[in-house]
Amino acid sequence: MSIQNVASAPPSAEVEKVSGWRRIWQQDAPGYLFLLPWFIGFFGLTLGPMIYSFYLSFNHFDLLTAPRWAGLDNYMRMFTNDPKFSASMRVTLFFVVFSVPLKLAFALGVALLLNRGMKGLTIYRSLFYLPSLLGASVAIAILWRQIFAGDGLVNKFLSIFGIVGPSWISNPNYSLWTLIVLSIWQFGSPMIIFLAGLRQIPQDMYEAASLDGASKWRQFWKITLPLLTPVVFFNAIIQTIEAFKSFTPAFIISGGTGNPINSTLFYTLYLYQEAFGFFRMGYASALAWVLLALVALFTAFSFLTSKYWVHYDD
Amino acid sequence: MTFRIGRRQFLMGTSALMAAGVAGISPVFAQAANLRLIFWGGQARADRTYGVTDLFEADTGNKIDGEFLAWNDYWPKLATQTAGGNAPDIVQMDYRYIVEYAKRNAIAPLDEFVGGALKLDDFDADQLEGGKVGGKLYGISLGANSVATLVNTVAFQEAGVEIPTNAWTYDELMTKGEAFAKANIRNGMKMMMDASYSEPMLDNWLRQKGLKLYTAEGKLGFGADEMVEWLTMWKTMRDAGIIVSPDNQALDTGPLETTMLVSGKAAMMPSNSNQLVAFQTLVPDKLDMIGYPRIAAGVGGGHYRKPSMFFSVGGSSANKEAAAEFLNFFISNPEAAKILGVERGIPCLPATRDIVAPTLDEQNQIALNFVSNLGDLLGPLPPPPPAAAGEIDSSLLRTIGQEVGFGARTPEDAGPYFVSEATAILERAT
């Protein structure tokens, strides 16, 4: 019927509109068609669940019975009456504050070493990148258990010097540090980015500086670091977000418990426990949204302060 | 209100069903049903289970698609499938969760099949009772078991300490533990693991005192004083070096491989009678089992024969009758019994027990004998634990046990704290 209407319409602006639509159909539609799989994925698997989880965060939902409206209960409990929420928040913040700067410093150090034009650079680069490929895997987390257990490699090494070490991964004073060390060990991807950044710095600046008698140390602080700040900024943002999201190592090493004494109870691990251990999907959704807000806040803060310390070369 | 179906609708409906049949989708009334089964356990249990599903298929033509997961992964998966209206026809169920699932109709009452597809006339009465919720039968016990202390017999020989018997007490645990530690075998092996945050052991200790972990109303069945006493007792043993150190004990995160018995740091471990089979595959030394220690000589009643696990029928299953037939086959078919052995506990039908007993090797006989000869250790079956019991165990008892273990809290402080936190968790859950 609509086809007849179009056919019988007088040749006027209507027609132009139709041909306009046709042009869009012919020119743009194939593009959107190719994007369709991504759209389906984004709306069906990302945006849809996100909206639903936002709805759930205002409900009590145990998977077996229908969600019950809870208003702000979940958020109220989180901020007023949940010692595990604050405990897990402390653990995650501690992890972020220590693992990110240490990891970046380590990555930059290795990048500087590799940037001196040594032989076999590509091999070293690959070797140093290797832990990042393995890092989040279950196998490495299990290996970490072996290395830092009471009768693990670390203590066997220490016993050579007559030191009797504790069981690092299961002692509440050290367990989080073993996870920070694991995170630093995966310095590969920021290192590669630093290395690329170092290559961008014009060599003539260093030549000019050495002619003026600047020491290597001074050159690093006055040339390398300032010119590298955009890369540092990028790496810091990415690694901070990664650190907030960190889940697998703590999950595997503590067997999903966050123990001993909740010392490795990462925020994401607590969220997982609430959702799939105790079936409080509503509360877990609320936790997820608070984490999102927190990461967004951190990132926004970084961007706002960046103009004071990041130097773009323009 | 009546439904009237016109001739045309009837024709359309039936031809749609026919078409579905052709397309391989079995209509409800089809002869051969395709059942889905989900259970927790390891490869050994899976091999035995699939042996029986194959037999069942050969016998009845009903095919069963099985799936198995580890305990920790099982419950999220089952809950997710149930929420999605996609629960399997037959689900393995635990005493801890059966009330929860029954109350929400996630599993179906089986009373209509009793006497028909399910023949339970000789079924052990206490095991039948264990599968009931609100007077209706929701789960068929797959075997009886009891808590038991697993014992590494070779380590005891090396230490020159005599293995205790079912008559042993907590005092004996201390004196023998001291002698064991003094022998200093295998790089400082202890006689007992740190069981201060072992829920079944605390439960057993309370029952001997005439108390219980949880009341039938789902409230805490003991007070702060008992918790202080319990934690102080373990602290005494810890400080005297009789039990495993707290940082070694914290390496135990649940899986069998991480336990102190398997890692060789302790020669004894509180566990369940049916788990001897699984532990023996991981420990090279010969294992044996005795009861949990008594609070004083001659005091019993801490143990009980509990259903180790159930099979239940999914609430939304379209094949409940066929599922019930499978359950009956699983507990009573002689060939199935030989395949299953006592891996899920001691069979609850006398006829099945008689078939299984002669086929068992020495290790499996141990469990059978232990559960059949509990004597005065045996007490009544406690009511099913409240829904929040799992959370109290994994997130409160464990944490407090570790806090006292590492010296972050005194027992005097931890007792009242435990009671107030546990009460809060129980209240929140209702």
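User: Let's start with chain A: how many helices and strands does it have?

Analyst: Chain A has 15 helices and 2 strands. Both kinds of element are DSSP runs numbered from the N terminus, helices being H or I over at least four residues and strands E over at least two. A word on the source: this is a predicted model, in which local features need pLDDT of at least 70 and side-chain atom pairs count only at pLDDT 80 or more, while totals for chains, interfaces and linings use all residues. Residues are numbered from 1 along each chain as its sequence is written, and chains are lettered from A and ligands numbered from 1 in the order in which they are written.

User: What does the radius of gyration say about chain A?

Analyst: The radius is taken over C-alpha atoms, and the globule rule is 2.2 Å times the number of residues to the power 0.38. For 314 residues a compact globule would have a value near 20 Å, but chain A has 27 Å. Its C-alpha trace spans about 95 × 65 × 35 Å along the principal axes.

User: And what is the picture for chain B?

Analyst: Chain B has 17 helices and 13 strands. Its radius of gyration is 24 Å, close to the 22 Å that the globule rule gives for 430 residues, so chain B is as compact as a globular protein of that length. Its C-alpha atoms fill a box of roughly 85 × 50 × 35 Å along the principal axes.

User: What share of each chain is buried?

Analyst: A residue is buried if 20 or more other C-beta atoms, placed from the backbone, lie within 10 Å of its own, exposed if 12 or fewer, and partly exposed in between. Buried residues make up 28% of the 314 residues in chain A and 46% of the 430 residues in chain B.

User: Which residues of helix α7 of chain A are buried?

Analyst: In α7(A), residues 138–148, the buried ones are I140(A), W144(A), R145(A) and F148(A). They lie on the same side of the helix because their arc around the axis is only 155°, the arc being that of the directions from the helix axis to the C-beta atoms. V138(A), A139(A), I142(A) and Q146(A) are exposed on the other side.

User: What describes a pair of packed helices?

Analyst: The general idea is to give the angle between the axes and the distance between them. Here, α5 (83–114) and α9 (175–185) of chain A have axes that come within 9 Å and cross at roughly 35°. The axes are lines fitted to C-alpha atoms over the stretch in contact, with angles from 0 to 180 degrees between N-to-C directions. Two residues are in contact if their C-beta atoms, placed from the backbone, lie within 7 Å.

User: Is the crossing of α5(A) and α9(A) left-handed or right-handed?

Analyst: Right-handed: the near helix is turned clockwise from the far one by less than a right angle.

User: How many residues of chain B are in contact with chain A?

Analyst: 24 residues of chain B are in contact with 21 residues of chain A. On the chain B side, α3 (71–83), α10 (246–249) and α16 (389–405) each give two or more residues.

User: What is unusual about the phi of N105(B)?

Analyst: Most residues other than glycine have a negative phi. N105(B) is not a glycine, yet its phi is positive, about 60°. N105(B) sits in the loop between α4 (98–103) and α5 (125–130) of chain B, and counts as partly exposed because it has 13 C-beta neighbours inside 10 Å. N187(B) also has a positive phi of about 60° without being a glycine. N187(B) is in the loop between α7 (170–183) and β9 (190–192) of chain B, and its 8 C-beta neighbours inside 10 Å make it exposed.
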